[in-house]
Amino acid sequence: MLLRHCVFRCMFKLDDRIEHDFHGLGTSGLGVFVVREWNTYWSRFADVVTEFIEGLVETYPGLQYLDGFPEVKVVLRADVSAEKYDKVAVISGGGSGHEPAHAGYVGEGMLTAAICGDVFASPPVDSILAGIRAVTGTQGCLLIVKNYTGDRLNFGLAAEQAKSEGYKVETVIVGEDCALPPPRGIAGRRGLAGTVLVHKVAGAAAAAGLSLEKVAAEAQCASEMVGTMGVALSVCTLPGQVTSDRLGPEKMELGLGIHGEPGAAVVDVQPVDVVVSHVLQQILSPETNYVPITRGNRVVLMVNGLGGTPLMELMIAAGKAVPKLQLEFGLAVDRVYTGFFMTSLDMAGFSISIMKADQSILDRLDAPTKAPNWPVGTDGNRPPAKIPVPVPPSRSTKSAKSQSRPQELSQQGQILEAAIQAAATVIISLKDTLNDWDGKVGDGDCGSTMYRGATAILEDMKHYYPLNDAAETVNEIGSSIRRAMGGTSGILYNLFCKAAYAELKANAQSGVTPKQWSEALKSSISSVSKYGGASAGYRTMLDALIPASQVLEEKLSAGEDPISAFILSAEAATAGAESTIQMQAQAGRSSYVSAEILATVPDPGAMAAAGWYSAAARAVKEQYEGSS
């Protein structure tokens, strides 16, 4: 499906009067917010735009607003006043509900002021005039207006009034929608997210000290170089209104506008790469010739979230679009901007904008700006998207012989192989049981995670483990675990193996003694406890391994037969694991589970540790008995 199914629930209070229950319903793959009493909220809190502006300027100290609420809602640069400003002021705006547009682009190097209307409503003439008067100095101002009738009329009347007051004013209308074929009558093409690119070009030109005529010319040129098309799986929820149900389940709309107005077509939901291909074809169609882009041109790509789509999914769309532009259309993609630039409240979907770029436009886009919502880190030359994974120094310096299974195993190598084989086999057999236990006290994947590690160990042992070298074999087990297991368990067992390897390597001899194995086990437990934070009684795998280590050390110190000591320590591991059923978890996901539920099953991690440890002990015993 186009985007991932997402379900979540969040309860909270607003002003201690209204309780909301949010549900993200992914009937067609996108999280769609359905808000109880949404209409009630908006009718009681009609000053949402003024409250947004207050929060914005508190967040960004470089911004101010005019003290004219609620009629005048203007955000402006805190470092600019009309009396002293000696550069062209760049002003834009429109209805609210498209945040971060337009107020989020106010800052040095971009907009000088943004005029905010009510949600999806063009700002009134007096508000626009107030903005012009507040920031326009001797060099005049440029108004950048999206091509909607209300915006054109209100900004146009304000421009004429400002001119009559002696201000120098130029206007650029941006209409870059590519969803509907021309001609579109007097309405023309809608202004969409591509307008933000025009803001940046004009703002950079103004910051460079160009005249009003030249700033307007660059903005006009930029507006003619960009095309945009949107796609969505839901329409937005308008304040005070019931959400439209014109899109049925498993349907998507191509080319709908940023106010939820109908687009070109309603179709079945398609995979994201199919949707991206259709949008690119529409924007770059030579039949409509909306943008003067041909093979060999340099372009800028913007993938814009419409409000209800996770950034992860926008990045997926961007990842599909770039190679298609390069390979299918023969274009050089010089810049990629992905994120939320011009939204539509909670609309689930995205738009794609493509702008023809030459070096002058790229320089304007790369120019510095203090606008809080213009993306950083997107300028300059593009290095390769991927590079080789570095090889650890130890891996690169080892000989081929040390990284392969010996042709002939020593007695210790045979014993080690048998122990590893038995331990991994037991873990594989416990997969479903561990998952069942973990499903009650965790996330239900303990068995599957351990299974991946065990199968990787068995497979790698056939080819790579230098079994005659115990320390290196333990190190290779850690490498197998790190590669295959993942999750917290994978990290902890990798730490376990690394600590054991370091201990065994520090005391390397022709063979590893039982006491050295005991010391390695103790070092491994210390490492896991240090980095994982758990200790005895925390209801973790250490509740199996700590008793085993203590008994092993005690019996060996007392002169006990090493095999007997290993078996007795395995019994201690099993007893310790089983005792976790009586413990309150203090680490991991189980720490969030009630004591009543915890009392029904032992800790799956501890039982897994006891399982492989006991299996290894039995295998070692059988090997020694078979050779005697």
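## The β10 sheet

Ala232 has Glu253 of β11 as its bridge partner. The model described here is predicted. Strand β10 covers residues 226-232 and strand β11 covers residues 251-254; the two pair in the antiparallel sense, over two bridges. Both belong to an open sheet of six strands, in which the order is β12-β11-β10-β15-β13-β14 and the pairing is mixed. The edges of this sheet are β12 (265-268) and β14 (332-339), each of which pairs on one side only. On average, with direction ignored, neighbouring strands are turned by 20° against each other.

Helix α5 (residues 194-207) packs on this sheet, where it touches β10, β13 (298-305), β14 and β15 (349-356). The direction of α5 makes about 145° with that of β10. A further helix, α7 (residues 272-283), lies across β10, β11 and β15, and runs at about 40° to β15.

## Strand β15 and its two partners

Where does β15 stand in the order of the sheet? The order β12-β11-β10-β15-β13-β14 puts β15 between β10 and β13. With β10, the pairing of β15 is antiparallel and is made by seven bridges. One contact point of that pairing is Gly227, whose bridge partner in β15 is Ile354. On the other flank, β13 is also joined to β15 by seven bridges, and these two strands run antiparallel. Here Val300 stands opposite Met355 of β15. Strands of a sheet pair through backbone hydrogen bonds, in either a parallel or an antiparallel sense.

Is β15 mostly covered or mostly open? It is mostly covered, with seven of its eight residues buried. Helices α5 and α7 are both associated with β15, as described above.

## The β4 to β9 sheet

A second open sheet is also built from six strands with mixed pairing, in the order β4-β5-β7-β6-β8-β9. The edge positions belong to β4 (63-65) and β9 (169-174); each has a single partner strand, so one side of each is left without a neighbour in the sheet. From one strand to the next, the twist averages 25°.

At the β4 edge, β4 and β5 pair in the antiparallel sense over three bridges. Within this pairing, Leu63 stands opposite Arg77 in β5.

## Helix α3

Helix α3 spans residues 125-135 and is mostly covered, since eight of its eleven residues are buried. Which residues of α3 are buried? They are Val125, Ser127, Ile128, Leu129, Ala130, Gly131, Ile132 and Val135. The cover over these buried residues includes strands β5 (74-77), β6 (89-96), β7 (113-119) and β8 (141-146), together with helix α4 (149-164). The four strands named here also appear in the order β4-β5-β7-β6-β8-β9.

## The largest pocket

The largest pocket has a volume of about 1100 Å³. Its lining consists of 38 residues, and those nearest the centre are Leu416, Ala419, Trp517, Phe566 and Ala616. Two or more lining residues come from each of α11 (411-429), α13 (446-461), α14 (470-484), α15 (487-506), α16 (514-532), α17 (542-557), α18 (562-578) and α20 (604-627). Which element gives the most to the lining? It is α11, with nine residues.

What is the make-up of the lining by residue class? It divides into 33 nonpolar residues, four polar residues and one charged residue.

## Tyr493

Tyr493 lies in helix α15, one of the helices that give two or more residues to the pocket lining. Why does Tyr493 count as buried? Its relative accessibility is 7%, and the cut-off for buried is under 20%.

Leaving aside residues up to four places away in sequence, Tyr493 touches Met450, Ile481, Met485, Met541, Ala609 and Trp612. Met450 is 43 residues from Tyr493 along the chain, and the C-alpha atoms of the two are separated by 9.9 Å.

## The protein overall

The secondary structure comes to 20 helices and 15 strands. The protein has 628 residues, of which 51% count as buried. Among contacts between residues at least 6 apart in sequence, 71% join residues at least 24 apart.

Definitions and conventions. Residues are numbered from 1 along each chain as its sequence is written. This is a predicted model: local features need pLDDT of at least 70, side-chain atom pairs count only at pLDDT 80 or more; totals for chains, interfaces and linings use all residues. Side-chain values use heavy atoms; hydrogens and water are left out. On a 1 Å grid over the protein atoms alone, a cavity is a set of points where a 1.4 Å probe fits but cannot get out, and a pocket is an open set with protein on both sides within 12 Å along at least five of seven lines; lining residues have an atom within 4 Å of a point. Grid points are joined across faces, edges and corners, and a volume is the space filled by probe spheres set on the points. Ala, Val, Leu, Ile, Met, Phe, Trp, Tyr, Cys and Pro count as nonpolar, Asp, Glu, Lys and Arg as charged, and the others, Gly among them, as polar. Buried means under 20% relative accessible area, exposed over 50%, partly exposed in between (1.4 Å probe, protein chains only). Contact means heavy atoms within 4.5 Å. Two strands pair if DSSP finds at least two bridges between them. Axes are lines fitted to C-alpha atoms, for helices over the stretch in contact, and angles run from 0 to 180 degrees between N-to-C directions.
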